[in-house]
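Trainee: I should like a close look at the side-chain pairings in this chain. Please take the charged pairs and the aromatic rings together, and place each in its surroundings.

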Amino acid sequence: LINLDLMYNHLTGFIPPELGSLVNLRWLALHYNQLNGSIPSELGNLGNLTQLVLGPNQLTGTIPAELGNLGNLEDLVLSRNQLTGFIPAELGNLTKLTTLDLRSNQLTGSIPALLGNLVKVTALLLGSNQLAGSIPSELKSMVELVDLRLNSNQLTGSIPSELGNLTNLRFLYLNYNQLTGSIPAELGNLVNLQTLVLNYNQLTGSIPAEMGNLANLVNLYLNSNQLTGLPDLNTLTALNILQVENNRLTFEDLEPNMGVASQYFNYAPQGKVGSEIDISAETGQQLVLAVEVYGSANQYQWIKNGEDLSGATDDTLFIESVTSDDRGSYALRITNTIVTGLTLYSQALRVTVDGELAIYDTQLLPETFAVHQNYPNPFNPSTTIRFDLPEATEVSLVVYDILGHEINRLHHGWLSAGGYSIIWKGQDSAGRYVPSGIYIARLTAPSYTKSVKLVLLK
């Protein structure tokens with residue numbers, strides 16, 4: 001018997017270990033059945049086998065290390081089963097292999113570096129498992145790779161720059177992992193690449209300008225990361241799909257690219273710009289609020305406590321003489337006449353006047369009571385305390401010393417639901433500055449009490 005092809009049947013039960021005695025077998029295809037149980041280690045005796053295709057089925061257990069003995073194997077397909085455990089490093093011995101497909105199982109552990117020995121493999125498909133650890137740089141040796149899919153795992157670390165050696169690559173899927181760091185500029189060497197999928201990771205930094213070298217690129221998915229810069233990609237004349245939404249791009253990045261993708265260019269929404277800032281202002285002082293958002297066709301509108309401020313349509317807001325009425329949570333809304341369909345918001349700029357209470361977030365109501373750790377901590381001379389109220393209630397926020405003596409009652413009274421912040425300047429209720437030490441801020445509501453520790457260092 002040379003070929004055993006039983007695919008697309010309704011076979012059930014285990015794979016017989018006796019198949020391991022068919023030493024002349026070259027083709028074993030049992031896919032698209034309902035086989036269960038484990039893969040017999042005896043299949044490792046089939047030294048003449050060139051194709052082993054066992055998926056999809058309902059196979060369980062681990063991949064036998066003995067499959068690494070199949071020195072003539074060209075195609076190993078175990079996808080869409082319920083296999084668990086590690087990928088055996090012994091698979092790195094299969095130097096004639098051209099396809100390794102282990103997709104859609106429950107495999108764990110790291111990707112063996114020895115897979116880099118498989119220099120004839122054109123398709124390495126490990127997506128939709130539970131693989132962890134970093135992407136081995138040894139994969140750079142797989143120079144015949146056309147299709148590399150490591151998506152939908154739990155991979156961490158950065159994208160190895162060595163992947164730029166794989167110049168035959170057409171499809172690269174690294175999405176739905178936990179990859180960090182920047183996109184390597186070396187990926188611009190992949191001149192045959194048609195699809196690059198990096199979305200749903202934690203990538204940061206600017207998208208490298210070298211992406212403009214990928215003249216054959218048709219699909220580029222970079223959405224749902226933390227990327228902060230997009231180069232001009234108008235050189236990519238083959239591009240049909242460009243997805244960059246849910247990053248931290250601004251209009252400066254998007255304006256030059258508005259005509260770049262012929263089918264879909266998704267760029268909205270984007271994350272908030274700038275940084276959260278707490279500002280303690282004194283009555284009568286001049287206050288300047290500013291947010292840097294670049295773009296040639298920007299339009300601005302300042303917001304205070306969720307309401308537009310009349311006439312405040314510049315990127316900078318001047319308050320000539322601060323009064324208690326100026327306390328609150330400010331933000332800048334930015335639109336653009338070229339990049340239509342996207343509205344950017346700045347992070348909150350929270351202004352407290354003479355230590356009074358400020359609203360820090362008016363967009364989403366809290367779901368639970370909470371008092372957050374103050375910041376900075378340790379502090380000198382002042383610190384900010386934030387707390388959340390999911391409902392309107394009477395609430396008090398009191399600072400005590402380490403012995404439990406009341407130092408300052410920062411707030412006591414009825415508040416609507418929302419998020420609040422207050423700055424404590426290290427003073428007691430009489431306005432005297434207290435000495436260095438540990439203090440306790442306690443938030444009390446009828447159904448909630450919580451304390452945080454404050455450290456004052458002078």
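Mentor: What follows treats the salt bridges, then the aromatic rings, and then two sites in loops. The model is a predicted one, and the account should be read with that in mind.

Side chains of opposite charge can pair when their charged atoms come close. In this chain, the count comes to 8 salt bridges. One of them joins D278 and R350, whose closest N and O atoms are 2.8 Å apart. This pair links distant parts of the chain, since D278 belongs to strand 22 (residues 277–281) and R350 to strand 29 (residues 349–353), with their positions 72 residues apart in sequence. R350 has a relative accessible area of 1% and is therefore buried, the cut-off for that class being under 20%. The pair is also part of a wider arrangement: E276, D278, R350 and R386 are linked in a network of salt bridges.

A further salt bridge is formed by R432 and D428, with an N to O distance of 2.9 Å. The two partners fall into opposite classes of accessibility. R432 has 56% relative accessibility, so this arginine counts as exposed, whereas D428, with a relative accessible area of 13%, is buried. D428 is located in the loop between strand 35 and strand 36 (437–445). If its neighbours within four places in sequence are set aside, the contacts of D428 are with I407, N408 and V434. The surroundings of this aspartate thus include residues from other positions in the sequence as well as its salt-bridge partner R432, and the burial of D428 stands at a relative accessible area of 13%.

R149 leads from the charged pairs to the rings. This arginine forms a salt bridge with D147, the closest N and O atoms lying 2.8 Å apart. D147 counts as buried because its relative accessibility is 13%. R149 also lies over the face of F171, at 5.8 Å from the ring centre. R149 therefore takes part in a salt bridge with D147 and in an arrangement with an aromatic ring. A second arginine placed over a ring is R442, which lies over the face of Y400 at 4.9 Å from the ring centre.

Turning to pairs between rings, the count comes to 7 aromatic pairs. Y176 and Y200 make one of these, and the pair is stacked, with 4.4 Å from centre to centre and 10 degrees between the planes. This pair links distant parts of the chain: Y176 is in the loop between strand 15 (171–173) and strand 16 (195–197), while Y200 is in the loop between strand 16 and strand 17 (204–206), 24 residues apart. Both tyrosines are partly exposed, Y176 with a relative accessible area of 41% and Y200 at 37% relative accessibility.

Another stacked pair is formed by F387 and Y420, with 5.7 Å from centre to centre and 20 degrees between the planes. F387 lies in strand 32 (residues 383–389) and Y420 in strand 35 (residues 418–424), so the pair ties together parts that are 33 residues apart in sequence. Here both partners are buried: F387 at 0% relative accessibility, and Y420 with a relative accessible area of 8%. The two stacked pairs described here thus have their members in loops in the case of Y176 and Y200, and in strands in the case of F387 and Y420. In addition, ring pairs link F379, W424 and Y439 into a cluster.

Aromatic side chains also appear at the surface. M7, Y8 and Y32 form a nonpolar patch there, with about 300 Å² of accessible area together. Y8 lies in the loop between strand 1 (3–5) and strand 2 (12–13), and its 56% relative accessibility means that this tyrosine counts as exposed.

A last loop site is A215, in the loop between strand 17 and strand 18 (219–221). At 45% relative accessibility, A215 counts as partly exposed. Apart from neighbours within four places in sequence, A215 is in contact with L236 and A238. A215 and G133 are 82 residues apart in sequence, and their C-alpha atoms are 32 Å apart in space.

Definitions and conventions: Residues are numbered from 1 along each chain as its sequence is written. This is a predicted model: local features need pLDDT of at least 70, side-chain atom pairs count only at pLDDT 80 or more; totals for chains, interfaces and linings use all residues. Side-chain values use heavy atoms; hydrogens and water are left out. Rings of Phe, Tyr and Trp (its six-membered ring) pair if their centres lie within 6.5 Å; planes under 30 degrees apart count as stacked, over 60 as edge-to-face and the rest as tilted. Helices (H or I, at least four residues) and strands (E, at least two) are DSSP runs, numbered from the N terminus. Buried means under 20% relative accessible area, exposed over 50%, partly exposed in between (1.4 Å probe, protein chains only). A charge sits over a ring if NZ of Lys or CZ of Arg is within 6 Å of the ring centre and within 35 degrees of the ring normal. Patches are made of residues with over 30% relative accessible area and no salt bridge: like charges are joined within 9 Å, nonpolar side chains (Val, Leu, Ile, Met, Phe, Trp, Tyr) within 5 Å. Accessible areas come from the Shrake-Rupley method with a 1.4 Å probe; for residues, only the protein chains shown count as cover. A salt bridge is a side-chain nitrogen of Lys or Arg within 4 Å of a carboxyl oxygen of Asp or Glu. Contact means heavy atoms within 4.5 Å.
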